[in-house]
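Got the viewer open? Then let's take a walk through it, one selection at a time.

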Amino acid sequence: MTSHTRLTVSFPTGGFFGAGSWHRVLDAARLADQAGVDTLRLPDHVVMGERSDRYSWGAFPYPVDVPWIDPLTAIAAMAAVTERVRFCTSILIAPLRPAPLLAKMAATIDVLSAGRIELGVGTGWQREEFEAAGIDFAQRGQLLTDTIGACRALWSPGAASFASPSFNFDRIWCEPKPVQPGGIPVFFSGTLTERNIRRIVTLGDGWLPIMDATTDDVARGAVLLRERWADAGRDPSALRIHVRLPVLKDGLGRADVGRTVEGARPLIEMGITDLQLASVPYVSSPDGLEQFFAEVGKARRQLRAVSG
């Protein structure tokens, strides 16, 4: 594993943790920290409507009444019981949060965690979440761009000014500022439409490919984004690309952490910087967390030893 390749683990807090086990979210953070995991990723839904059939990537994997904890609140709690592991929303439906509030919350977590938060953001897919918040679902793309643009302004040194179709302010202070140089890393999810490419090039630190993206899709997208970053005067080597690892199984047909991580070599050679291990195929309840993270830690050490 090269020095810039990160191993991340995603947790579907909705449905995995629940009544009587929410405190074990903190156990997951401690175990990830001890295992050497680079980043823990948390998903986001503010509310759920009944039309889960509108989900575009197959059958929605959870009942509509499954609980979803707020990822920013959870990250703040998890950061308080860990020392080195980083945290990333994956993905945060940023247009549902007013930009000044999102900027303040994220900066506060960044300061208190000593710079260990990242934001994976997107537009979301569920109309009901926007309607419940009184937000025009059709404007979610513009809102995403304007929200992160406003956050970037508010995270910059000194007084902030910003003008857009969604947010306008002049010489206001949002303190404290993030401690991470350049502000909090932001990764945009989705397909590489021209609008999304512009977001990644002008406002982002990297790309979260859409869930059904193939390896070829990611490879082509990586080349395109590096070219566009270079054209914009940004260092292409600083671009971060997150990819979910395909699940590989052992001889008995069980999802195997070691084989899955070992299968990441072609992605590393492609220049993928953040390898995502989805926890669901490997662990079915909080009782399996300790064994799961032991396997993750072992696989990470073996891959690093082989890849350098």
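This is a predicted model, and the tour below goes from a helix to a single residue and then to two hollow places.

**Stop 1: helix 8**

Start by selecting residues 215-231, which make up helix 8. You should have 17 residues highlighted, and the stretch from first C-alpha to last is 24 Å, close to the 24 Å expected at 1.5 Å a residue.

Now colour Val218, Gly221, Ala222, Leu225 and Trp229, the buried residues of this helix. Why do they line one face of helix 8? Turn the view to look down the axis: the buried residues fall within an arc of 110°, so they sit along one face. In general, an α-helix has 3.6 residues a turn, so residues three or four places apart point the same way.

Next, pick Asp216, Arg220 and Asp231: these are exposed, on the other side of helix 8.

What covers the buried residues? Show helix 7 (194-202) and helix 10 (265-270), then add strand 8 (206-208) and strand 9 (240-244); the cover includes these four elements.

Before you leave, click on glycine 233, just after helix 8. Its phi is positive, at about 80°.

**Stop 2: aspartate 33**

Jump to helix 2, residues 24-35, and find aspartate 33 there. Is aspartate 33 buried or exposed? Its relative accessible area is 12%, so it counts as buried, the cut-off being under 20%. To see what it touches, select Thr82, Glu83, Arg84 and Val85: aspartate 33 is in contact with these, leaving aside its neighbours within four places in sequence.

**Stop 3: the largest cavity**

Stay with helix 2 and add strand 2 (39-42), since each supplies at least two residues of the lining of the largest cavity. The full lining to select is Phe11, Thr13, Phe17, Val25, Ala28, Leu40, Arg41, Leu42 and Met78. Strand 2 has the largest share, with three residues. By class, the lining has seven nonpolar residues, one polar and one charged. The space inside is about 50 Å³.

**Stop 4: the second largest pocket**

Finish at Ala255, Asp256, Val257, Gly258 and Glu295, which lie nearest the centre of the second largest pocket. Its lining has 13 residues, and its volume is about 190 Å³. Show helix 9 (257-262) and helix 11 (289-307) too, as each gives at least two residues to the lining. Helix 11 gives the most, six residues. Colour the lining by class and you get five nonpolar, four polar and four charged residues.

Key
Residues numbered from 1 in each chain as written. Predicted model: local features only at pLDDT ≥ 70, side-chain atom pairs only at ≥ 80, totals over all residues. Heavy atoms only, no water. Expected span 1.5 Å × (residues − 1). Buried < 20%, exposed > 50% of the residue type's maximum accessible area, 1.4 Å probe, protein only. Arc of directions from axis to C-beta. Contact = heavy atoms within 4.5 Å. 1 Å grid on protein atoms, 1.4 Å probe; cavity = no way out; pocket = protein on both sides within 12 Å on 5 of 7 lines; lining within 4 Å. Points joined across faces, edges and corners; volume = space filled by probe spheres on them. Nonpolar A, V, L, I, M, F, W, Y, C, P; charged D, E, K, R; others polar.
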